Structure formats: C-alpha cells, structure tokens
Amino acid sequence: MATERLVVVGGDAAGMSAAAQAKRLRPDLEIIVFERSPHISYSA
Ligand SMILES: Cc1cc2nc3c(=O)[nH]c(=O)nc-3n(C[C@H](O)[C@H](O)[C@H](O)COP(=O)(O)OP(=O)(O)OC[C@H]3O[C@@H](n4cnc5c(N)ncnc54)[C@H](O)[C@@H]3O)c2cc1C
C-alpha cells in the first residue's frame, strides 16, 4: 500500500504544530513541510 503523505506549507508556529500533531496521531504518515525562509519554528 502506498504511503500517505501530508504536505504542510509554512514552518512557523501553525505549520510545525500541525505537522507535530499529525505525526502524533498518525505515526505512519510521511510529512513534508515547505518553508520559504531558512529557519523553522523549533518549539511547536
Ligand atoms: C512583532 C511580533 C511579536 C510577536 N510576539 C509574540 C510573542 O511574544 N509570543 C507569541 O506567542 N506570539 C507572538 N507573536 C505572534 C506569533 O509570531 C504569531 O502568532 C505566529 O508566528 C503565527 O504563526 P503562523 O504559523 O500562524 O504564521 P506565520 O508566522 O506567518 O508563518 C507562516 C510561515 O509560512 C511561510 N510561508 C509563507 N508562504 C510560504 C510559501 N509559499 N512557501 C513556503 N513557506 C511559506 C513563512 O515563511 C512563515 O514561516 C508576535 C508577532 C509579531 C509580529
């Protein structure tokens, strides 16, 4: 079966919170975050 993938656009508070929560709920998901700046939020 193909891996399901979640794509998040924006790696600041909202994007990283969503990505972290999705991974907690669905550890099997492949999650990709696109962030246009060189830094992401690290405390989400
Ligand atoms: C001056 C100031 C001070 C603040 N101080 C505090 C504080 O002390 N405490 C607090 O809790 N909150 C504070 N905030 C609020 C806090 O910064 C925001 O609520 C929070 O950053 C919102 O996060 P967000 O992910 O919703 O949006 P954003 O921070 O706007 O993040 C969006 C992200 O998406 C990226 N992005 C946008 N378009 C694209 C694209 N096309 N492709 C890839 N990436 C993209 C951007 O680069 C950005 O990283 C402050 C805000 C400001 C302006």
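Trainee: In this predicted model, which side chain does a polar contact of 3.1 Å join to that of Arg24?

Mentor: Arg24 lies in helix α1, which spans residues 13-25. A polar contact needs a pair of N or O atoms within 3.5 Å. At 3.1 Å, the side chain of Arg24 has such a contact, and the partner is Gln21.

Trainee: Is Arg24 buried or exposed?

Mentor: The cut-off for exposed is over 50% relative accessible area. Arg24 has a relative accessibility of 58%, so Arg24 counts as exposed.

Trainee: How many Å apart in space are Arg24 and Pro38?

Mentor: In sequence, Arg24 and Pro38 are 14 residues apart. Taken from C-alpha to C-alpha, their separation in space is 25 Å.

Trainee: Which element gives the largest share of the shell around the ligand?

Mentor: The residues around the ligand include Val9, Gly10, Asp12, Ala13, Ala14 and Gly15, along with Phe34, Glu35 and Arg36. By class, this shell has 4 nonpolar, 2 polar and 3 charged residues. The largest share is 3 residues, and they come from helix α1.

Trainee: What is the distance from an oxygen atom of the ligand to an N or O atom in the side chain of Asp12?

Mentor: Asp12 is one of the residues around the ligand. Polar contacts are counted within 3.5 Å. For the side chain of Asp12, the distance to a ligand oxygen atom is 2.7 Å.

Trainee: What share of the accessible area that the ligand has on its own does the protein cover?

Mentor: Backbone atoms also approach ligand oxygen atoms: a backbone N or O atom of Ala13 lies at 3.3 Å, and a polar backbone atom of Ala14 at 2.8 Å. On its own, the ligand has 1,000 Å² of accessible area, and the share covered by the protein is 31%.

Trainee: Which residues form a nonpolar patch on the surface with Phe34?

Mentor: Phe34 is found in strand β2, residues 30-34, and is also among the residues around the ligand. The patch has about 320 Å² of accessible area in total. Its other members are Val7 and Val9.

Trainee: Why is Arg36 classed as exposed?

Mentor: Arg36 lies in the segment after β2. Exposed requires over 50% relative accessible area. Arg36 is exposed because its relative accessible area is 87%.

Trainee: How many Å apart in space are Arg36 and Gly11?

Mentor: Along the sequence, 25 residues separate Arg36 and Gly11. Their C-alpha to C-alpha distance in space is 8.3 Å.

Technical notes. Residues numbered from 1 in each chain as written. Predicted model: local features only at pLDDT ≥ 70, side-chain atom pairs only at ≥ 80, totals over all residues. Heavy atoms only, no water. Near = heavy atom within 4 Å. Polar contact = N/O pair within 3.5 Å; in protein donor to acceptor, adjacent residues only side chain to side chain. Areas by Shrake-Rupley, 256 points an atom, 1.4 Å probe, with all protein chains shown as cover. Helix = DSSP H or I, 4+ residues; strand = E, 2+ residues; numbered from the N terminus. Nonpolar A, V, L, I, M, F, W, Y, C, P; charged D, E, K, R; others polar. Buried < 20%, exposed > 50% of the residue type's maximum accessible area, 1.4 Å probe, protein only. Patch = residues over 30% accessible without salt bridge, like charges linked within 9 Å, V, L, I, M, F, W, Y side chains within 5 Å. Salt bridge = Lys/Arg side-chain N within 4 Å of Asp/Glu carboxyl O.
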